[in-house]
Amino acid sequence: MTRFEYLETSIEGNGVAVIYLNRPRQLNSLNRKMVSEIVAAMEDYDRDENVRVIVLTGVGRAFSAGADIDEMTTDDPISLELLNQFADWDRLTLIKKPIIGAVKGFVFGGGFELALSCDLLISASGTQFSFPEVGLGVMPGAGGTQRLTKLAGRTKAIEWLWTGERFSAEVALTHGVINKIVAPELLMEETLKFANRLATQPPLSLRLIKDSVNKAVDYSLYEGMQYERKNFYLLFASQDQKEGMNAFVGKRKPEYRGK
């Protein structure tokens, strides 16, 4: 695995890779190199046949307090266009394996956008969420307005985006932004428990379920159902489908190999 300046990585349990945001003094604020490293680590694990699930979390008392504003104060439209500011963020959407975010403390701005790029979010109690960009005269640019609206609906999304107000994990859960709340001291234990549970599932099924659900966000019901059906048929070409059904008939535990 590549060594990173702003990340720590490890393999836990049954093929669960953990990526730790590691700028605790800056509350894991995201500079461009850090985002590039996150994407590189995700892509490495996505290619690794021994990895089944990816967990993303933060070192210290915050998941991420947002973008590194110092890095952006001199930007202008042309420099951002030439830099292709969000190219790395777009690559995150191409990760095929399940990504679970374990969030705590502050989940603000770009950090919130990063969290929303995960497939599931498990939050420590006491965590606060916010898109404060409006107070800086800007707005989210890495998918925040889109993902939040699709999860929470237009009414709450535009309220939070216009005001920049913070809201709690309990409110986030109520509006479908996160999946679960746990005690802070149990955050990684519970996240890894869930990740290891997913890691025992057939990898190709997880991959194509994620693909189909992502398409459902943008497709009409009919288009989505046609897309789902093709993925359903495709899984019948896999060894895991044969293993799963034969294990069921034979009343034994299946052993999935992702093939």
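Helix H6 is followed by Gly164. The phi of Gly164 is positive, near 70°. The model is predicted.

H6 spans residues 154-163 and packs with helix H5, residues 144-152. The angle between the two is about 140°, and their axes lie 7 Å apart. H5 is therefore oblique to H6, since angles over 145 degrees would be needed to count as roughly antiparallel. The crossing of H5 and H6 is right-handed.

Both helices supply residues to this contact. From H5 come Thr145, Leu148, Thr149 and Ala152. From H6 come Arg154, Lys156, Ala157, Trp160 and Leu161. By class, the residues of the contact of H5 with H6 divide into 5 nonpolar, 2 polar and 2 charged.

Burial was then examined along H6. The buried residues of H6 are Ala157, Trp160 and Leu161. Ala157, Trp160 and Leu161 lie on the same side of H6, because they cover an arc of only 95° around the axis. These three also belong to the H6 part of the contact with H5. Thr155 and Trp162 are exposed, on the other side of H6. The two tryptophans of H6 named here thus fall in opposite classes: Trp160 is buried, whereas Trp162 is exposed.

The cover over the buried residues of H6 includes H5. Strand E8, residues 167-168, is also part of that cover. So is helix H7, residues 169-174.

How values were computed. Residues numbered from 1 in each chain as written. Predicted model: local features only at pLDDT ≥ 70, side-chain atom pairs only at ≥ 80, totals over all residues. Heavy atoms only, no water. Axes fitted to C-alpha atoms, helices over the stretch in contact; angles between N-to-C directions. Helix = DSSP H or I, 4+ residues; strand = E, 2+ residues; numbered from the N terminus. Parallel < 35°, antiparallel > 145°, perpendicular 65-115°, else oblique. Left-handed = near helix turned anticlockwise from the far one by under 90°. Contact = heavy atoms within 4.5 Å. Nonpolar A, V, L, I, M, F, W, Y, C, P; charged D, E, K, R; others polar. Buried < 20%, exposed > 50% of the residue type's maximum accessible area, 1.4 Å probe, protein only. Arc of directions from axis to C-beta.
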